[in-house]
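Biologist: Could you take a close look at one part of this model for me, the charged side chains? I'd like to hear where they sit and what they touch.

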Amino acid sequence: MKKKQAFTLIELLTVISIIAILSAIIVPVFARAKVNANRSADITSMNEIRTAIQLYRVDQGAYPPAILGYATIYSNDLSGVVPADKLRSHLFPSAVSALSTFSPTPLEAQATQVSPAVFPPADSRAVGSAPEIDLNGDGVVDNADDAAMARQAFGPDDGFICGSGAAEQGLGGSCGTEGVRHFYDVSGYDSAVVRTNTGTRREVRYALFWTGWGLQNGDLMDDPRQLGYAEPHEDTILTWNSFYREYAGDGSVRPGRQDIALYVSGAARPFSSDVL
């Protein structure tokens with residue numbers, strides 16, 4: 001009689017262990033490759049948006065008020081919204097023909113979904129202690145270049161962005177007759193959702209002005225990195241992609257170049273997530 005061949009229990013467990021180890025190595029590699037592919041696709045889209053914005057600026061003499069456009073609301077219950085794919089805005093569909101260009105790859109949203117947004121967190125460092133560029137024109141970057149009114153005027157706790165008018169923008173959600181401004185959720189470059197230690201919130205990603213002086217009447221010592229001015233500084237950020245951020249268990253942003261910043265002067269490139 002022929003002796004039957006079979007795996008022993010030890011051999012079977014060994015094979016299973018090897019497969020588990022290989023899976024633990026390969027699966028994260030494939031996941032990272034997918035993320036990198038998505039990031040590359042988003043960088044291409046962001047550069048297309050930058051080209052469209054610059055063409056608009058050449059034609060109109062100023063930057064557009066929004067990238068995709070503000071949502072048009074016809075009723076208080078948000079049932080009367082012009083779908084994003086039916087929109088006729090500053091850049092869409094004339095300069096950018098595909099709605100997907102305005103939507104980062106990980107983002108899933110319907111064309112009729114709209115939401116209000118707040119400003120991102122302002123610089124928490126003491127005024128006069130964190131100069132970044134020469135604002136007073138003396139050729140030296142020192143603490144005299146860090147003025148309160150040249151800092152970001154509002155943050156998440158100051159309320160939603162209002163319909164128009166700098167005097168009411170972001171003041172405790174009280175927009176008076178202006179009403180709260182809504183953004184299309186599908187446009188991740190006008191506004192985007194981020195995680196916090198208490199949940200999530202939607203933050204603005206594109207704004208013509210954001211400093212105290214800029215939102216009023218301007219000033220010679222104001223931060224020139226604002227799109228509302230005629231010749232914004234070359235380091236001015238048009239918008240940024242925060243959909244690849246990594247978070248700690250408490251909702252804080254992990255340090256690392258996971259965000260993608262789109263600059264006035266050049267192409268989109270990685271930027272530290274805990275700074276933006």
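Modeller: Happy to. Arg 245 is buried, with a relative accessible area of 11%; here buried means under 20% relative accessible area, exposed means over 50%, and partly exposed lies in between, using a 1.4 Å probe and protein chains only. The areas themselves come from the Shrake-Rupley method with a 1.4 Å probe, and for residues only the protein chains shown count as cover. Please keep in mind that this is a predicted model, in which local features need pLDDT of at least 70 and side-chain atom pairs count only at pLDDT 80 or more, while totals for chains, interfaces and linings use all residues. Residues are numbered from 1 along each chain as its sequence is written, and side-chain values use heavy atoms, with hydrogens and water left out.

Who is the partner of Arg 245? Asp 259 forms a salt bridge with Arg 245, and the closest N and O atoms are 2.9 Å apart. This pair links distant parts of the chain, since Asp 259 is in strand β6 and Arg 245 is in the loop between β5 (237-241) and β6, 14 residues apart. Asp 259 is also buried, at a relative accessible area of 0%. A salt bridge here is a side-chain nitrogen of Lys or Arg within 4 Å of a carboxyl oxygen of Asp or Glu, and helices (H or I, at least four residues) and strands (E, at least two) are DSSP runs numbered from the N terminus.

Let's stay with β6 for a moment. Strand β6 (residues 259-263) pairs with strand β7 (residues 268-271) in the antiparallel sense over four bridges; strands pair if DSSP finds at least two bridges between them. Ala 261 has Arg 269 in β7 as its bridge partner, and a hairpin of four residues joins β6 to β7.

Next to look at is Arg 50, in helix α1 (residues 9-60). Arg 50 is buried but has no salt bridge, and the nearest side chain of opposite charge, Glu 234, is 9.9 Å away. For that count, Lys and Arg are positive and Asp and Glu negative, with His and the chain ends not counted. The side chain of Arg 50 does reach the backbone oxygen of Gly 266, at 3.1 Å. Setting aside neighbours within four places in sequence, Arg 50 is in contact with Leu 238, Leu 262, Tyr 263, Val 264, Ser 265 and Gly 266, where contact means heavy atoms within 4.5 Å.

Glu 203 is a nice contrast. The side chains of Glu 203 and Arg 201 meet in a salt bridge at 2.8 Å, N to O, and Arg 205 forms a salt bridge with Glu 203 at 3.2 Å between the closest N and O atoms. Glu 203 is buried, with a relative accessible area of 3%, and Arg 205 is buried too, whereas Arg 201 is partly exposed at 28%.

There is also a network of salt bridges that links Asp 123, Arg 125, Glu 132, Asp 223 and Arg 225. Within this network, Arg 225 is found in the loop between β4 (199-204) and β5, and its relative accessibility of 18% makes it count as buried. Polar contacts join the side chain of Arg 225 to that of Glu 132 at 3.0 Å and to that of Asp 223 at 2.7 Å. A polar contact is a pair of N or O atoms within 3.5 Å; within protein, one must be able to donate a hydrogen and the other to accept it, and residues adjacent in sequence count only if both atoms are side-chain atoms. Not counting residues up to four places away in sequence, Arg 225 touches Glu 132, Ile 133, Trp 210, His 233 and Thr 236.

To place these sites in the whole, a search of the full structure finds 10 salt bridges. The protein chain has one helix and seven strands, in the order α-β-β-β-β-β-β-β along the sequence. Of its 276 residues, 39% are buried. Among contacts with a separation of 6 or more, 57% are between residues 24 or more positions apart. The chain exposes about 15200 Å², and carbon and sulfur atoms supply 56% of that area.
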